[in-house]
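Trainee: I would like to take a close look at a single part of this model, going through its strands and the side chains that go with them. Please keep the account connected.

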Amino acid sequence: MIVGLIIIVSLLLCLAGYALFTQRYVYIHHTSLLSAASDTFVEEINQLEYWPSWLPWSLFDDNASVLVNQPHSQSLEGALVQLKGQHIGRVSCHIEASSAPQGAAFWVQTDRFYPSPIQVRIELSQTEDQQLLLNVIASSELNFWHRYKHTKVLKQIHADMRLLLLRLQARLEPDGDTQMAFELEDVRTLANVDAVTRPFLVSDHSMSVQMEQGFRDLRISLGPENRPAGPSFALYESADLRQHYFTGRLGIPIQSLSPCEAQPERITFKGNYMGLKYQGSYQHLWVAWHVLHTHVKLHHVKVAPQRNSLEVYEVSPKETNDTLQYVTQLYLPVQ
C-alpha cells in the first residue's frame, strides 16, 4: 500500500515537473535588408500561384501537386495554398488575413514536418534610416505530449523559415546574394583520394577566415612542385550550428610528385553517401546542409553518424570572385 502510494506520488511529481519545466512555445524571427521596392513585395505576396516557388517545403518534392483556392479575388483572407506529394505529404497554408498593409499571415498544417500547426507572418518594416526590412516570424504551441520535441522542432522551424526568407528574397531580388541552387544526387560510394590534411576547430564566428588560413597554410606546406590534384575539401567530425562549433580536417588532394613538409595520406570513404550540389554564397551553406538532412529524413534514409560528413569546394574563391558562382558538393554518410 505504502509502496504503491509512493509510486503514484512520484509519477504525479514527474508529470508536474514535465508540465512546468518543459518548453511549450516556439518562436522564430528572421530578418534581412531588402533592396527591392515594397510594391514588388506586395505583388509577389498577392499572387498565390507564385507561393510554391518560395515556400520551403516545395523544395523537397519535385512532383508535388499544388492547389490554390482564393474565395475572394480582392483579398487573401480565407485563401489556401496546399502542396501534396509522396515525400512531403500534405502541407496546407491557410491564409487568415493580411497581417499588415504590406504582408500576410497564414497557418501551416502538415503531417510530416511539425507536430503542431505553426503561424507564419511575412511583413515589411523600416530601419531608422528608412531601409526596408523583410521579416519572417513563426510561432507554434506544442501540446503536452510533444513538448519533449521542443529543441528538435525549434531547430527545424528555424532553418525552414530562414530558407523561406532566402527563397522569397531571391524572387524579389534576382541579382541579390540570396540566389541559391540545389541539385540532389542519388546515394553512391565515393572514390578514395590521396591528400594532405590538417585539423581545424572553429568555436567562434570567423569560420571562413580560419578555413581560408588553413588552406593557405596547407598550400604553402606543399611546396611549388606539388600542385593540387583536385578541389579542396573539409571532413567534418562534429558540427553544432547553434553553438557555432565545428571540428574536422581540411584537405587538398595531391599527386605527391616530390617530397614536401606535409605528409600525404590516403583518405578512404567507406559506405554510401547522399550528395547535394549547392551553388551560392558560403554565407548560406548551413541552409544547404539543412536541405540535405531534410531530404534524407523525408526519404527514410538513415544517417551514419559514426562517419564524417564531407564538403568539396569545386568552384571556390580561387576560381572566381563571384560568390554566387561558388559550387560546393555536400556529402552525408548514410547507412
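In what order do the eight strands of the open sheet run, and with which pairing, parallel or antiparallel?

Mentor: Two remarks on the basis come before the sheet. The model is predicted, so that local features need pLDDT of at least 70 and side-chain atom pairs count only at pLDDT 80 or more, whereas totals for chains, interfaces and linings use all residues. Residues are numbered from 1 along each chain as its sequence is written, and side-chain values use heavy atoms, with hydrogens and water left out.

The open sheet has eight strands in the order E8-E13-E15-E14-E10-E11-E9-E12, and the pairing is antiparallel. Here strands (E, at least two residues) and helices (H or I, at least four residues) are DSSP runs numbered from the N terminus, and two strands pair if DSSP finds at least two bridges between them. Strand E8 (181-184) and strand E12 (265-267) are at the edges, and each has a single partner strand, so one side of each is left without a neighbour in the sheet. From one strand to the next the twist averages 30 degrees, where axes are lines fitted to C-alpha atoms, for helices over the stretch in contact, and angles run from 0 to 180 degrees between N-to-C directions.

Within this sheet, strand E9 (residues 193-202) pairs with strand E11 (residues 245-253) in the antiparallel sense over eight bridges, and Leu250 in E11 is the bridge partner of Arg198. Helix H4 (residues 207-222) packs on the sheet, where it touches E9, strand E10 (233-240), E11 and strand E14 (309-315), and the direction of H4 makes about 30 degrees with that of E11; contact means heavy atoms within 4.5 Å.

The helix and the sheet are also joined through aromatic side chains. The structure holds 14 aromatic pairs, a pair being rings of Phe, Tyr and Trp (its six-membered ring) with centres within 6.5 Å, counted as stacked if the planes are under 30 degrees apart, edge-to-face if over 60, and tilted for the rest. The rings of Trp51 and Trp54 form a tilted pair, because their centres are 5.0 Å apart and their planes stand at 45 degrees. Phe215 and Tyr313, by comparison, form an edge-to-face pair, with 5.9 Å centre to centre and 80 degrees between the planes. This pair links distant parts of the chain, since Phe215 lies in helix H4 and Tyr313 in strand E14, 98 residues apart. Phe215 counts as buried at 9% relative accessibility, and Tyr313 counts as buried at 8%; buried means under 20% relative accessible area, exposed over 50%, and partly exposed in between (1.4 Å probe, protein chains only).

Following the chain onward from E14, one reaches Thr323, which is placed in the loop between E14 and strand E15 (327-334). Thr323 is partly exposed, with a relative accessible area of 31%. Not counting residues up to four places away in sequence, Thr323 touches Gly280 and Ser281, and its C-alpha is 4.9 Å from that of Ser281, although the two residues are 42 apart in sequence.

One further ring involves a charge: the charged end of Arg307 sits over the ring of Tyr273, 5.1 Å from its centre, the criterion being NZ of Lys or CZ of Arg within 6 Å of the ring centre and within 35 degrees of the ring normal.
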